[in-house]
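Me: Please take one part of this model and examine it closely, beginning with the term on which the description rests. A single connected account would suit me best, and it may then go on to other parts of the model.

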Amino acid sequence: MSTTSIRTTSTSANSTLGQTMSEHLRWAEWNAIGTTIRLVVTDPTQLESARAMLTDDLAALDLACSRFRSDSELMRLEVRAGQPTTVSALLAGAVRAALRGAQLTDGLVDPTVGRAMETIGYDRDFASVPAQGGALRVTVSHIPQWRQIQLDDSANLLTVPAGVRLDLGATAKAWAADRSAEGIARVLDCGVLVSLGGDIAVAGEVPPGGWSIRVQDITGDPSTPAQGPSDLIAIREGGLATSSTSARRWHRGGDLLHHILDPRTGRPADSDWRTVSVAAGSALDANIASTAAIIRGKSATGWLARLGLPARLVAVNGAVTTLAGWPEVSS
Amino acid sequence: MSGSPTSGSARRTARDKGLAWVSAITLGAGAASAIGAVAIAAALPSTSASSGTAASSVSTSSNEDDSGSTLAAAPAPATSNIPPVATTGAS
């Protein structure tokens with residue numbers, strides 16, 4: 001088994017293919033939906049097909065769910081505000097995933113924070129959000145709350161009240177990772193790892209030793225050393241997700257803002273944790289738990305332990321806490 | 001709702017309207033005063049009282065119940081001694 005990552009092919013300016021870990025694992029990495037996409041398969045002959053499938057999946061996801069595209073189904077839905085509207089299965093699925101997150105966290109992970117997110121400056125693809133800016137003038141407003149969203153599962157009939165803008169970003173990537181990993185594994189009959197900006201889902205054949213993943217503050221190239229504390233772990237099924245205040249941050253006036261909003265306050269969560277990683281039965285549930293844990297703050301450890309979700313929490317000062325069976329391997 | 005200066009009166013106004021004063025994003029009190037900014041207030045869940053303190057206590061109490069109980073668990077990760085194929089972190 002090779003111990004060196006080998007980048008073998010460059011297919012475009014922002015896409016790379018490679019061979020890593022063993023002769024039988026191949027990977028591709030590129031940028032899409034505002035983040036880094038990484039795809040690993042256990043059958044080298046299926047990498048191109050898998051990548052084509054994932055590329056199509058992500059293009060469809062973006063067109064359905066992006067709040068940064070005026071032509072997305074989500075944004076076009078606003079002209080029918082307050083009226084039941086039949087939506088695509090893809091948008092219905094993403095909204096269903098978001099509502100699952102809200103329901104299971106008592107609203108701590110709430111998709112109705114779209115307007116609040118825009119208010120604090122995250123109103124476009126993050127790469128285009130100015131890193132610095134003047135103090136914000138903010139308007140007193142209501143956080144709409146997820147219970148106002150109505151989704152008729154049987155008919156994909158969605159009702160979003162007037163004035164509410166959905167932000168599906170907290171859960172849609174993880175849900176999409178699950179969906180694509182399962183679909184690719186089923187169609188191509190091989191093992192698949194899909195990472196959408198660090199929300200990781202695995203499906204199908206498990207490589208020898210499991211899927212080896214490095215857990216760290218910022219998602220990056222696995223062939224280069226991590227910055228800050230990290231763990232090297234392996235999973236065999238389900239998903240792994242990390243939520244962190246260490247990325248997607250910007251300044252307005254003297255304040256450092258980030259993208260994880262506390263729906264109870266409408267502003268970035270003031271958390272005891274800078275990074276929380278959770279392993280769960282799916283990337284979606286891992287993401288829901290890790291995001292909620294950031295917002296919960298101190299009480300997150302008891303909550304995660306009670307749920308039996310293996311987790312690794314990094315405090316603002318860098319101290320690492322692991323629980324519910326997460327291996328203690330910090331480096 | 002209208003924009004509010006960073007002041008106690010704005011907090012009171014928000015609370016009178018059933019809103020919870022949440023925070024101010026400012027350049028500092030002096031600068032904020034100079035530019036006439038800034039405040040965020042947001043509605044609390046309907047079950048919450050109209051103050052930040054009450055919201056916190058209600059939320060904490062609520063969060064001690066069985067929320068998340070149907071989140072799907074998976075076998076705990078194992079330690080690994082082979083090179084990673086991916087990383088997970090903020091992005």
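Reply: Two strands are said to pair if DSSP finds at least two bridges between them. The model under discussion is a predicted one. The part chosen for a close look is strand β18 of chain A, which covers residues 311-315.

β18(A) has two pairing partners to consider. Strand β17 of chain A, residues 273-280, is joined to β18(A) by five bridges, and the two run antiparallel. Within this pairing, Val278(A) has Ala311(A) of β18(A) as its bridge partner. β18(A) also pairs with β19(A), again in the antiparallel sense, over four bridges. Here Val314(A) finds its bridge partner in Val320(A) of β19(A). β18(A) and β19(A) form a hairpin, with four residues between them. In the turn, Gly318(A) has a positive phi of about 95 degrees.

How enclosed is β18(A) by the rest of the structure? Because four of its five residues are buried, β18(A) is largely enclosed. On the other arm of the hairpin, Leu323(A) lies in strand β19, residues 320-323 of chain A. Leu323(A) counts as partly exposed, because it has 17 C-beta neighbours inside 10 Å, and a buried residue would need 20 or more. Apart from neighbours within four places in sequence, Leu323(A) is in contact with Thr301(A), Leu304(A), Ala305(A) and Ala311(A). Of these contacts, Ala311(A) is the residue already met as the bridge partner of Val278(A). Gly302(A) is 21 residues from Leu323(A) in sequence, and the two C-alpha atoms are 9.3 Å apart.

The account now turns to a pair of helices in chain A. Two packed helices are described by the angle between their axes and the distance between the axes. Helix α5 (residues 169-188) and helix α6 (residues 283-296) of chain A pack at about 155 degrees, with axes 7 Å apart. That angle is why α5(A) is roughly antiparallel to α6(A). The crossing of α5(A) and α6(A) is right-handed. From α5(A), the residues that meet α6(A) are Ala170(A), Thr171(A), Ala174(A), Trp175(A), Ala177(A) and Asp178(A). Their counterparts in α6(A) are Ala283(A), Leu284(A), Ala286(A), Asn287(A), Ile288(A) and Thr291(A). Sorted by class, this contact comprises eight nonpolar, three polar and one charged residues.

Two open sheets complete the account. One has three strands in the order β5-β7-β6 of chain A, with antiparallel pairing. Its edge strands, each pairing on one side only, are β5 (85-86) and β6 (150-152) of chain A. Three bridges link β6(A) to strand β7, residues 157-159 of chain A, and Asp152(A) has Leu157(A) as its bridge partner in β7(A). Helix α3 of chain A, residues 89-104, packs on this sheet and touches β6 and β7 of chain A. The directions of α3 and β6(A) make an angle of about 125 degrees.

The other sheet has four strands in the order β3(B)-β11(A)-β10(A)-β4(B), with mixed pairing. Its edges are β3 (78-79) and β4 (86-90) of chain B. Strand β10 of chain A, residues 211-218, runs parallel to β4(B) and is joined to it by four bridges; Val215(A) stands opposite Thr88(B). Ile233(A) belongs to strand β11, residues 231-235 of chain A, and counts as buried because it has 26 C-beta neighbours inside 10 Å.

Methods. Residues are numbered from 1 along each chain as its sequence is written. Chains are lettered from A and ligands numbered from 1 in the order in which they are written. This is a predicted model: local features need pLDDT of at least 70, side-chain atom pairs count only at pLDDT 80 or more; totals for chains, interfaces and linings use all residues. Two residues are in contact if their C-beta atoms, placed from the backbone, lie within 7 Å. Axes are lines fitted to C-alpha atoms, for helices over the stretch in contact, and angles run from 0 to 180 degrees between N-to-C directions. A residue is buried if 20 or more other C-beta atoms lie within 10 Å of its own, exposed if 12 or fewer, and partly exposed in between; C-beta atoms are placed from the backbone. Angles under 35 degrees count as roughly parallel, over 145 as roughly antiparallel, 65 to 115 as roughly perpendicular and the rest as oblique. A crossing is left-handed if the near helix is turned anticlockwise from the far one by less than a right angle, and right-handed if clockwise. Ala, Val, Leu, Ile, Met, Phe, Trp, Tyr, Cys and Pro count as nonpolar, Asp, Glu, Lys and Arg as charged, and the others, Gly among them, as polar.
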